[in-house]
Amino acid sequence: PSVFQLRREEIAFVAFGGWDAAGAKWFGYSTFWVNRLGVPAEELPPGPDAVGSTLTEVASWLQADHDGLTGKILKWPERSEIDTPVQESLIVELYSK
């Protein structure tokens with residue numbers, strides 16, 4: 001983040017691999033997993049913020065200002081839009097230790 005002079009919250013990470021998305025999420029980035037192959041999601045939490053099957057779906061999640069060389073996240077996905085099986089109780093248990 002310091003190389004780009006951005007905070008982690010200002011960086012969105014788009015990944016083809018589920019492990020790449022998981023690693024970026026653990027590091028604190030907003031993540032979008034492009035699951036082109038339709039493989040099952042990684043079982044370790046946390047899951048990506050959003051999942052789609054094509055790069056086109058990323059466009060509904062982000063906005064780019066090409067002239068200003070900036071971008072922003074337009075919409076955080078709702079839990080129902082995240083196609084990742086997550087047992088929220090396990091996450092709460094992990095963070096409460």
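**Exercise 1. Determine how many cavities of 30 Å³ or more a search of the whole structure finds, and describe the lining of the largest cavity.**

Solution. Step 1: the criterion. On a 1 Å grid over the protein atoms alone, a cavity is a set of points where a 1.4 Å probe fits but cannot get out, whereas a pocket is an open set with protein on both sides within 12 Å along at least five of seven lines; lining residues have an atom within 4 Å of a point. Grid points are joined across faces, edges and corners, and a volume is the space filled by probe spheres set on the points.

Step 2: the count. The search of the whole structure yields one cavity of 30 Å³ or more. The space in the largest cavity comes to about 80 Å³.

The model is a predicted one, in which local features need pLDDT of at least 70 and side-chain atom pairs count only at pLDDT 80 or more, while totals for chains, interfaces and linings use all residues. Residues are numbered from 1 along each chain as its sequence is written, and side-chain values use heavy atoms, with hydrogens and water left out.

Step 3: the lining. Eleven residues are not listed in full here; of the 11 that line the largest cavity, Gly 18, Trp 33, Glu 42, Gly 47 and Pro 48 lie nearest its centre. Helix H1 (residues 18–27) contributes the most to this lining, with three residues; helices (H or I, at least four residues) and strands (E, at least two) are DSSP runs, numbered from the N terminus. By class, the lining of the largest cavity has seven nonpolar residues, three polar and one charged. Here Ala, Val, Leu, Ile, Met, Phe, Trp, Tyr, Cys and Pro count as nonpolar, Asp, Glu, Lys and Arg as charged, and the others, Gly among them, as polar.

**Exercise 2. Characterise the largest pocket by its volume and its lining.**

Solution. Step 1: the volume of the largest pocket is about 350 Å³.

Step 2: its lining comprises 13 residues, and Glu 10, Ala 12, Thr 70, Gly 71 and Lys 72 lie nearest the centre.

Step 3: strand S4 (62–65) and strand S5 (70–73) each supply at least two residues of this lining. S5 gives the most, with four residues.

Step 4: the lining of the largest pocket divides into seven nonpolar, three polar and three charged residues.

**Exercise 3. Establish the strand order of the open sheet of three strands and the pairing of S1 with S2.**

Solution. Step 1: the protein has two helices and five strands, and along the sequence these follow the pattern β-α-β-β-β-β-α.

Step 2: two strands pair if DSSP finds at least two bridges between them. In the open sheet of three strands, the order is S1-S2-S3, with parallel pairing. Strand S1 (12–15) and strand S3 (50–52) are the edge strands, each pairing on one side only. From one strand to the next, the twist averages 20 degrees; axes are lines fitted to C-alpha atoms, for helices over the stretch in contact, and angles run from 0 to 180 degrees between N-to-C directions.

Step 3: S1 pairs with strand S2 (residues 30–34) in the parallel sense over four bridges. Ala 12 stands opposite Ser 30 in S2, and Val 14 stands opposite Phe 32 in S2.

**Exercise 4. Decide whether each face of S2 is covered or uncovered.**

Solution. Step 1: buried means under 20% relative accessible area, exposed over 50%, and partly exposed in between (1.4 Å probe, protein chains only).

Step 2: in a regular strand the side chains alternate between the two faces of the sheet.

Step 3: Ser 30, Phe 32 and Val 34 on one side of S2, and Thr 31 and Trp 33 on the other, are all buried, so both faces are covered. Five of the five residues of S2 are buried.

**Exercise 5. Contrast Asp 49 and Leu 37 in the loop between S2 and S3.**

Solution. Step 1: Asp 49 is located in the loop between S2 and S3. Asp 49 counts as buried because its relative accessibility is 12%.

Step 2: the side chains of Asp 49 and Lys 25 are joined by a polar contact of 2.8 Å, that is, a pair of N or O atoms within 3.5 Å; within protein, one must be able to donate a hydrogen and the other to accept it, and residues adjacent in sequence count only if both atoms are side-chain atoms. The Asp 49 side chain also reaches the backbone nitrogen of Thr 31 at 2.8 Å.

Step 3: Leu 37 also lies in the loop between S2 and S3, but is exposed, with a relative accessible area of 64%.
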